[in-house]
Amino acid sequence: LLVGGPLAWCERRFGKRATNVACYAAAAAGAALQVVGAAELAPAAVVVGGGMQGFSYAAGQSCRFNAAALAPAADKAKAVSWTVLGGAAAVLGPEVARMTLNAVPGAPYVGSFITAGVIQLAGLVCSGLVVYDDDGAKAGPAEAGGSGAAAEGGGGDSGAPGTDAPKDGDAAVAGSLATFGIVGAVVATSSVFCVMAAMMQTTPLAMLDAGFDKSMTVWVTEGHILGMFLPSLVSGRFVRWVGAQNAVVLGWCVLCVGGALPVVDAQRPAWAYFAGLVLIGVGWNLAYVGASLMLASTTLPPARAATLKRLTDGLAVTLVGCCILSTGAIFGALRHDAWWLYVGVGGCFLCLAVCHRLADTPDIPRVVAVGTRGGAGKGAAAKGATTAVEPASSATVQMTSVPPAADAKETYD
């Protein structure tokens, strides 16, 4: 929650690889601290260690943007969705914790925290091995082949590790937030996470209040997790087909229908909770992938775009935390009517998404390479070729591919 903004600065200063490795190292140390706390019955150590593991969660949030940055323009939506698909492993979390709860005789929870530490160490190794979009940036524009357009077009703001962003970077990010298109992406990312989390946290309370046992709530929650992540197998292609903004609108529609299912039937059967939670997960996936693609395709310079993405994720996690902390009190006051509250809030954001779509805000840039063909113009094209970014409607842009000139260099920033 707290490290989203500072991580953007660390990525600009030290590079994404070093930043992510450090985050997972801190998380592994936090798991070790929790092992000691559980063994010595020290709750403070367990709490602090849990907070340290949040570093890896903050680092992992940017994986979808890194994947999108490395993918060709036509495959950015697929890259985001396949990265989100990794979250399906979350369904194993409760089962692994249950199986390792008493793995160490006489020391409850120690086995679970050891397992968490092993997972964080695996993340540390993976974060050091994967490819990042800022790899090779240390070479500088001249060595990286950017002596032409990059040097003349602001290559100093490339987000290269070891270099500070321009002093007006924060002001540029703040200015970009005043742009309706980027505001729509930020609001969609944060709001769909919040409403989904509120409904997910309310479901076990509502089911227990309706007389279901805890095993049934676990079954419904696992179905919800699968509904959140398994659609990523196809949601990337779907978002590319319908467009990012349309995907956000459709996601909100599905989420609101799922939220209404548990309360439209006065009997409140188990299938209504299960189907409702699955639909809520599917709606979240569509809206989240669509909004993430909008953020991943921002035309801000890389360093400023990284700050915007980090701040957006930090805002989303902060609001989710507030929703989770408040769901108990809201359900205690409204009981099952709390569902209608969340459906109403979701309906408001659906209206905003529709307005954003009708405004036809160009959320995905269309890249047109400008250069010359033939031997005579080869040197000029290599030295001074530029890339024009032409906005287009999100409903059609992802279906459009404009081949670059033979000697031109494509950029998507």
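## Exercises on a predicted model

Of the 413 residues in the protein, 45% are buried. The model is predicted.

**Exercise 1. Describe the overall make-up of the protein: its secondary structure, its contacts and its surface.**

Step 1. Start with the secondary structure. The protein has 18 helices and two strands.

Step 2. Turn to the contacts. Take those with a separation of 6 or more; residues 24 or more positions apart account for 80% of them.

Step 3. Look at the surface. About 18900 Å² is exposed. Carbon and sulfur atoms supply 69% of that area.

**Exercise 2. Place Gly49 in the structure. Is Gly49 buried or exposed? Which residues does Gly49 contact beyond its neighbours within four places in sequence?**

Step 1. Find the element. Gly49 belongs to helix α3, which spans residues 43-60.

Step 2. Check accessibility. The relative accessibility of Gly49 is 0%. Buried means under 20%, so Gly49 is buried.

Step 3. List the contacts. With neighbours within four places set aside, Gly49 touches Gly30, Leu33 and Gln34.

Step 4. Add a backbone distance. Ala26 is 23 residues from Gly49 along the chain, and their C-alpha atoms are 9.2 Å apart.

**Exercise 3. Locate the nonpolar surface patch that includes Leu226. How much accessible area do its residues have together?**

Step 1. Name the members. They are Trp82, Leu226, Leu230, Leu233 and Val234.

Step 2. Give the area. Together these residues have about 460 Å² of accessible area.

Step 3. Place one member. Leu226 sits in helix α12, residues 214-229.

Step 4. Test that member against the cut-off. A patch residue needs over 30% relative accessible area. Leu226 has 34%, which makes it partly exposed.

**Exercise 4. Search for disulfides. How many are found in the whole structure? Why is Cys253 not bonded to Cys256?**

Step 1. Count. The search of the whole structure returns zero disulfides.

Step 2. Take Cys253. Its closest cysteine sulfur is that of Cys256, 7.0 Å away.

Step 3. Apply the cut-off. A disulfide needs two cysteine sulfur atoms within 2.5 Å. The 7.0 Å distance is therefore too far for a bond.

Step 4. Reverse the view. From Cys256, the nearest cysteine sulfur is that of Cys253, and Cys256 is in no disulfide.

Step 5. Compare the surroundings. Cys253 is partly exposed, at 31% relative accessibility. Cys256 is buried, at 12%.

Notes
Residues numbered from 1 in each chain as written. Predicted model: local features only at pLDDT ≥ 70, side-chain atom pairs only at ≥ 80, totals over all residues. Heavy atoms only, no water. Patch = residues over 30% accessible without salt bridge, like charges linked within 9 Å, V, L, I, M, F, W, Y side chains within 5 Å. Areas by Shrake-Rupley, 256 points an atom, 1.4 Å probe, with all protein chains shown as cover. Salt bridge = Lys/Arg side-chain N within 4 Å of Asp/Glu carboxyl O. Helix = DSSP H or I, 4+ residues; strand = E, 2+ residues; numbered from the N terminus. Buried < 20%, exposed > 50% of the residue type's maximum accessible area, 1.4 Å probe, protein only. Contact = heavy atoms within 4.5 Å.
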